[in-house]
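The following paragraphs guide the reader through the cavities of a protein model and then turn to its surface.

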Amino acid sequence: MQSFLAELKTQRWDDHRYYHHSRINQSLHLLSAVSFIIAYATAFFDPVKSALIGWLVSMVSRQSGHFFFEPKGYDQVNHASHRHKEEIKVGYNLRRKVILHAVWALAPLVLWFDPTFFGLFTAHTNGMGFVRHVGELWLGVGVGALLFRMVQLFFAKGIQTGLVWATKILTDPFNDAIIYAKAPLHLLRGELIDPMGEVAGRPVEPEAHRA
């Protein structure tokens, strides 16, 4: 258990210091975290609605921060290139995220042209039925993406790393809500980039990092 918790702490630390320099990105992660927590609560009585919240609000805000606002040049704080960080990232790097979001975006289009989605559903008869089916598909995409990458990591880096990553992903909303709570205040003060003082004061060993 100590080894598991230590690796969880490492994955969270690397994720923060490598991929959350932008205060806009941090603020969007705060929005994502709050909406994900709402989605978690909603899942107990309406998992489909939870999936719609998770994808339309939580994931869109979260990934917009990474794609559009996070610096992609040389990371002076961690002494690492963007390419290096992408290569060593444990979870979904930007290339994998593009594939995942392509699947997410194509699912409603396929459903539009085939209301049964290859026989999976009874054809919807109104707009709300279509939305509910989209939510069910997105719920499947989300669960599938988590399990798929976790199993990949079982083979690539070991069972513990895969389980730690899945645990990190599921608990990120609570962690992000805490560590990025003040990001909007920094942004309002005109600070676009986190100086990462807590990172700069630590030794850097790129070959050991797991972002």
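Which residues line the largest cavity? They are Y18, Y19, H66, E70, P71, K72, H82, K85 and L94. The model is a predicted one, in which local features need pLDDT of at least 70 and side-chain atom pairs count only at pLDDT 80 or more, while totals for chains, interfaces and linings use all residues. Residues are numbered from 1 along each chain as its sequence is written, and side-chain values use heavy atoms, without hydrogens and water.

A cavity here is a set of points, on a 1 Å grid over the protein atoms alone, where a 1.4 Å probe fits but cannot get out; lining residues have an atom within 4 Å of a point. Two cavities of 30 Å³ or more are found in the whole structure. The volume of the largest is about 70 Å³, and α1 (2–19) and α4 (82–88) are the elements that give two or more residues to its lining. By class, this lining holds four nonpolar, two polar and three charged residues.

The second largest cavity has a volume of about 40 Å³. Its lining consists of R12, D15, H16, K168, D172, N175, D176, I179 and Y180. Here α1 and α7 (159–179) are the elements that give two or more residues, and α7 supplies the largest share, five residues. Five residues of this lining are charged, two are polar and two are nonpolar.

On the surface, V57 lies in helix α3 (residues 47–69). V57 has a relative accessible area of 36%, which means that V57 is partly exposed (between 20% and 50%, with a 1.4 Å probe and protein chains only).

How values were computed: Helices (H or I, at least four residues) and strands (E, at least two) are DSSP runs, numbered from the N terminus. On a 1 Å grid over the protein atoms alone, a cavity is a set of points where a 1.4 Å probe fits but cannot get out, and a pocket is an open set with protein on both sides within 12 Å along at least five of seven lines; lining residues have an atom within 4 Å of a point. Grid points are joined across faces, edges and corners, and a volume is the space filled by probe spheres set on the points. Ala, Val, Leu, Ile, Met, Phe, Trp, Tyr, Cys and Pro count as nonpolar, Asp, Glu, Lys and Arg as charged, and the others, Gly among them, as polar.
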